[in-house]
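Biologist: Hey, I've just pulled this one up and I'm new to it. Can you walk me through it?

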Amino acid sequence: MILMWASFALLTLIALLFVMLPFLKKERVKTITHNANAELISIYEQRLVELQNDLENQRIDAQNHSESVIELKRRLLNELSPEKSLNSRGNNRIFALTGGAFVIALTGIFYSMTGNQQQISAWHDAMDNLAEYGERAVMQKGEPLSENELQAFALALRTKLSQTGDDEIAWMLLGRVAMSLNEFDMAQQSFDKALQMNPANMQVLISYSQVLLLEGSEASMTRAAGMLSKVLQKEPQNLDAISLLALIAYERKDWVQAKAAFEVLLASMDKADTRYNMIAQRISEIEQQQATQQQAQNVDVTNSAAIKVTVNVSAELKNKQPENGILFVFAKALNGSPMPIAVVKLNEYQFPITVELSDANSMVAGLNLSSAEDIVITARISNDDSVMPSSGELEGHSATLKRESTRQLQLQIDTLIP
C-alpha cells in the first residue's frame with residue numbers, strides 16, 4: 001500500500017516538473033544599479049544633441065544622421081531589456097503555478113473516474129472486518145455471510161496469507177469460502193495447501209471430499225471415498241463422513257452400502273430433526289431400487305435357467321446301440337430355426353446319465369435356450385459326429401415343453417431310426 005502511494009506521488013511530481021520547469025528556467029539578467037535606466041536615457045538624449053550638431057555643421061549628411069539615430073534607439077532598447085526580462089520572469093511564475101494546479105486537478109479528476117479507490121476502500125473494510133467475518137462463518141454468530149461478504153472474506157484471507165505466510169486454519173477457511181462461492185478450483189488448491197501442512201486434518205478431509213463430490217466425476221468420487229475412509233478409521237462415528245459416503249454409494253448405485261450408511265445416520269437423529277424424514281424417504285427409495293434390481297436378477301436367472309435332462313435307453317434297444325456311438329442331447333425351438341438351440345455331445349457315457357442344457361450350450365450366437373418359449377428335447381445315439389439323424393441310430397424325444405416352467409426332464413431313448 002505504501003509503495004502504491006509512493007509511486008503515485010512520484011508520478012505526480014514528474015508531471016508537475018514537466019509542466020512547470022520550462023516556466024521556471026532562469027534567464028540571464030544583467031545586474032543594474034539604481035537609476036541605471038535614467039542614466040541611459042540621459043546619455044541617449046545627449047547623443048541625439050551631438051548628432052544634431054554634426055548635421056547642422058555638415059559633418060554628416062541627413063541619411064547618416066537618420067541611420068545613426070535609429071542605431072542609437074536600438075542600443076537604448078537593448079540596454080533597457082533586463083527590466084523587461086524581470087517583468088517577464090514574474091509572469092512565468094504565474095504560468096508555472098497555473099500549469100501545476102491544472103495538472104493536479106486533472107490528475108484528481110482522472111483518478112476519481114478511473115481509479116480503484118472503491119476497491120481499495122472495500123479491501124480496507126475487509127481487513128478491518130476479518131475477525132467478524134470469521135466469527136459469523138465459523139462460530140455461526142449473527143447473520144450468515146452474504147455473497148459480497150464472502151467475497152470480502154476471501155480477499156482478506158488471501159491478504160493475510162500473503163502477509164503472514166502459510167497458515168493451516170486460514171487455508172482451510174479460504175477453501176470453505178471458495179466452496180460457498182462455487183470456486184471449486186480455488187477450494188481444492190486451498191485444501192491441498194492445508195493438507196500439505198497437516199495431512200491428518202479431519203475437517204479438511206471432509207470439506208475436500210464435499211468439493212470432490214460436487215465435481216461428480218468417477219475419479220473424484222473415488223478420491224473422496226478414500227479421504228472419508230481415512231476419517232472413519234480414526235473417527236468411526238463421524239456422521240459427516242458417513243453421510244458423504246452414503247451419497248457416494250448412492251451415486252454409484254451401491255444400494256447395500258448406501259442403505260447401511262443412511263440407516264446409521266437415521267439411528268443417530270431425533271425424529272424431530274428436519275433431516276429425519278428426508279433420510280427415511282431416501283432409505284425407502286433405496287429399498288425400492290433393491291427390490292427392482294432383485295426382480296431383474298430373478299428374471300435373468302429364470303430366463304437363463306438350465307434344464308437337467310436324465311437320459312436312459314429302453315431295455316429293447318440296449319443291445320442295438322452302435323459301437324463307439326456318440327450321445328447327443330439337444331433342444332430345438334418348436335417354432336423358428338431348425339438348428340438346435342442347445343447341444344451336449346458326449347463320446348463316453350453310461351446310462352442312465354444326467355446332462356444340463358443351458359445358454360452356455362448354444363451353437364450359434366444369439367440362438368440360445370432362453371430365446372425360445374416352446375421347445376422339444378431330443379437324445380440321440382449317433383454313428384458319427386453329426387447331429388443329423390441317419391439309419392441305425394437310436395433316439396428319443398420329449399413332448400412339447402414350456403421352457404420357462406421346465407427344470408428337469410426324464411427322457412428315454414426308445415426309437416430305432418430305420
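Modeller: Sure. One cut-off to start with: a residue is called exposed when its relative accessible area is over 50%, and buried when that value is under 20%, with partly exposed in between. Also keep in mind that this is a predicted model.

Biologist: Okay, so which class does Arg-75 fall into, and why?

Modeller: Arg-75 has 52% relative accessibility, so it counts as exposed.

Biologist: Which residue does Arg-75 meet in a salt bridge?

Modeller: Its partner is Glu-71, with an N to O distance of 3.5 Å. Both residues sit in helix α3, 4 residues apart, which is about one turn of the helix.

Biologist: And what else does Glu-71 pair with? I see Arg-74 there too.

Modeller: Glu-71 forms a salt bridge with Arg-74 as well, and there the closest N and O atoms are 2.7 Å apart. Arg-74 and Glu-71 are 3 residues apart in helix α3, which covers residues 62-114, so about one helical turn separates them.

Biologist: Are those two buried or exposed, or partly exposed?

Modeller: Arg-74 is partly exposed at 43% relative accessibility. Glu-71 is partly exposed too, at 32%.

Biologist: How many salt bridges are there in total?

Modeller: The count comes to 12 salt bridges. Another one of them joins the side chains of Glu-395 and Arg-380, at 2.9 Å from N to O. Glu-395 belongs to strand β6 (residues 394-397) and Arg-380 to strand β5 (residues 374-382), so this pair ties together parts that are 15 residues apart in sequence.

Biologist: Is that pair buried or exposed?

Modeller: Buried. Glu-395 has a relative accessible area of 15%, and Arg-380 comes in at 6%. Back in α3, salt bridges with shared partners join Glu-71, Arg-74 and Arg-75 into one network.

Biologist: Let's zoom out. How many helices and strands does the chain have?

Modeller: It has 13 helices and 9 strands. The chain is 418 residues long, and 34% of those residues count as buried.

Biologist: What about the exposed area, how much is there?

Modeller: About 26,600 Å², with carbon and sulfur atoms supplying 54% of it.

Biologist: And contacts along the chain, what share comes from residues 24 or more positions apart?

Modeller: Taking contacts in the chain with a separation of 6 or more, 57% are between residues at least 24 positions apart.

Biologist: New topic: helix α9. How well does its length agree with what you'd expect?

Modeller: It agrees. At 1.5 Å a residue, the 14 residues of α9 (residues 202-215) should span 20 Å, and the C-alpha atoms at its ends are 20 Å apart.

Biologist: Is α9 mostly covered or mostly open?

Modeller: Mostly covered, since 10 of its 14 residues have under 20% relative accessible area, the cut-off for buried. Among the buried ones are Met-202, Val-204, Leu-205, Ile-206 and Tyr-208.

Biologist: What's doing the covering?

Modeller: The cover for those buried residues includes helices α7 (168-180), α8 (184-197), α10 (218-234) and α11 (239-251).

Biologist: Anything to look at around the two ends of α9?

Modeller: Yes. At its start, a side-chain oxygen of Asn-201 comes to within 3.2 Å of the backbone nitrogen of Gln-203. Just after α9, Gly-216 has a positive phi of about 90°.

Biologist: I also clicked on Asn-238. Where is that?

Modeller: Asn-238 is in the loop between α10 and α11. It's buried, with a relative accessible area of 12%.

Biologist: What does its side chain contact?

Modeller: There's a polar contact of 2.7 Å between the side chains of Asn-238 and Glu-235. A polar atom of the Asn-238 side chain also lies 3.1 Å from the backbone nitrogen of Asp-240. Leaving out residues up to four places away in sequence, Asn-238 touches Ile-206, Val-231 and Leu-232. Ile-206 is one of the buried residues of α9.

Biologist: Last one: which residues make the nonpolar surface patch?

Modeller: Leu-10, Leu-11, Leu-13, Ile-14 and Leu-17 make it, and it has an area of about 500 Å². Leu-11 sits in helix α1 (residues 2-24), and it counts as exposed at 58% relative accessibility.

Note on methods
Residues numbered from 1 in each chain as written. Predicted model: local features only at pLDDT ≥ 70, side-chain atom pairs only at ≥ 80, totals over all residues. Heavy atoms only, no water. Expected span 1.5 Å × (residues − 1). Buried < 20%, exposed > 50% of the residue type's maximum accessible area, 1.4 Å probe, protein only. Contact = heavy atoms within 4.5 Å. Polar contact = N/O pair within 3.5 Å; in protein donor to acceptor, adjacent residues only side chain to side chain. Patch = residues over 30% accessible without salt bridge, like charges linked within 9 Å, V, L, I, M, F, W, Y side chains within 5 Å. Areas by Shrake-Rupley, 256 points an atom, 1.4 Å probe, with all protein chains shown as cover. Salt bridge = Lys/Arg side-chain N within 4 Å of Asp/Glu carboxyl O.
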